[in-house]
Amino acid sequence: DDFVVGAGGWTVTGFNFLAFDNQFTPPMTELADVYVYPDDGGLPGATPVCTSIGSTNNASLYNQYTTLAGITLNTPCDLSAGTYWVGVSFEIPTGAGFRFAYWGETTNTNGNMGAFRNPGGGFGTPCTSNWGSLAACGVAGSGGAQGFAFQVVGSSGGGTGGALDAGDAGAGA
């Protein structure tokens, strides 16, 4: 999903994602791969501007009622003013059994509708090689999902840290 960086730029140190797994037994302790893409006409660009593979998932943020994945990036991501997209995938350890972590959806839209692509084609969508909106890819969840729930964490203009943007949560790619 997309977010807008204000004048002066941001140093992003992490993201908070509303996330779930199929076992519904928090805490979910998998590591996560996070990608920040530039905007390309209302969809994520082809090449990430920042990549954080094996980022730490702060399992202490989980409980049985709220499932928040607090991901700390391996290296801070410096972004100039503009629109960016964040994508996340969870690393599932070998032998951990079937666990599928997915990103919570929201009906709020702050910017563009969320985007989707599935290079392996496992979900039978038309978006196997290129990004498409949730609607175009046929993966919008029940209830009219428009985007994904997340929050950007870091600092702006030399700030001391904290939440920078509520994303589509009111609180992608």
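**View 1. Strand E3 is largely enclosed by the rest of the structure.** Five of the seven residues of E3 are buried, so little of this strand is left outside that enclosure. The model shown here, and in every view below, is predicted. E3 spans residues 32–38. Its partner is E6, and the two strands run antiparallel. Seven bridges join them. One of the residues to look for is tyrosine 35, whose bridge partner in E6 is glycine 87.

**View 2. Strand E1 also pairs with E6.** E1 covers residues 2–5, and E6 covers residues 82–90. The sense of the pairing is antiparallel, over four bridges. Phenylalanine 3 has tyrosine 84 of E6 as its bridge partner. E6 therefore appears in two pairings: with E1 over four bridges, and with E3 over seven. In a regular strand the side chains alternate between the two faces of the sheet.

**View 3. The whole chain is mostly strands in sequence order.** Its secondary structure comes to one helix and 12 strands. Where does the helix fall in the pattern of the chain? Ten strands precede the helix, and two follow it: β-β-β-β-β-β-β-β-β-β-α-β-β. The chain has 173 residues, and 40% of them count as buried. About 8200 Å² is exposed. Carbon and sulfur atoms supply 53% of that area.

**View 4. One disulfide is found in the whole structure.** Which cysteines does it join? Cysteine 50 is linked to cysteine 77, with an S to S distance of 2.0 Å. The link is right-handed, with 85° about the S-S bond. Cysteine 50 lies in strand E4 (residues 50–57) and cysteine 77 in strand E5 (residues 68–79), so the disulfide ties together parts that are 27 residues apart in sequence. Are the two cysteines buried or exposed? Both cysteine 50 and cysteine 77 are buried.

**View 5. The largest nonpolar core holds 21 residues.** Phe3, Val12, Phe15, Phe17, Val36 and Leu79 touch the most other members. Several strands give two or more residues each: E1, E2 (10–21), E3, E5, E6 and E11 (147–156). Which element gives the largest share? E5 does, with five residues. Another core lies apart from this one. That other core has five residues, among them Phe116, Cys127, Leu134 and Cys137.

**View 6. Valine 12 touches residues far along the chain from its own place.** Leaving out residues up to four places away in sequence, its contacts are Leu73, Pro76, Cys77, Leu79, Val152, Val153 and Gly154. Cys77 in this list is also half of the disulfide with cysteine 50. Leu79 is, like valine 12, among the core members that touch the most others.

**View 7. Six aromatic pairs are present in the structure.** A pair of aromatic rings is described by the distance of the centres and the angle of the planes. Which residues form one aromatic cluster? Phe3, Trp10, Phe15, Tyr84 and Phe150 do. Phe3 and Tyr84 from this cluster are also the bridge partners of View 2.

**View 8. Glycine 8 sits in a loop, between E1 and E2.** Is glycine 8 buried or exposed? Glycine 8 is exposed, with a relative accessible area of 71%. Now find serine 156 as well. C-alpha to C-alpha, glycine 8 and serine 156 are 6.9 Å apart in space. In sequence, they are 148 residues apart.

Notes: Residues are numbered from 1 along each chain as its sequence is written. This is a predicted model: local features need pLDDT of at least 70, side-chain atom pairs count only at pLDDT 80 or more; totals for chains, interfaces and linings use all residues. Side-chain values use heavy atoms; hydrogens and water are left out. Buried means under 20% relative accessible area, exposed over 50%, partly exposed in between (1.4 Å probe, protein chains only). Accessible areas come from the Shrake-Rupley method with a 1.4 Å probe; for residues, only the protein chains shown count as cover. A disulfide is a pair of cysteine sulfur atoms within 2.5 Å. A nonpolar core is a set of buried Ala, Val, Leu, Ile, Met, Phe, Trp, Tyr and Cys residues joined through side-chain atoms within 4.5 Å. Contact means heavy atoms within 4.5 Å. Rings of Phe, Tyr and Trp (its six-membered ring) pair if their centres lie within 6.5 Å; planes under 30 degrees apart count as stacked, over 60 as edge-to-face and the rest as tilted. Two strands pair if DSSP finds at least two bridges between them.
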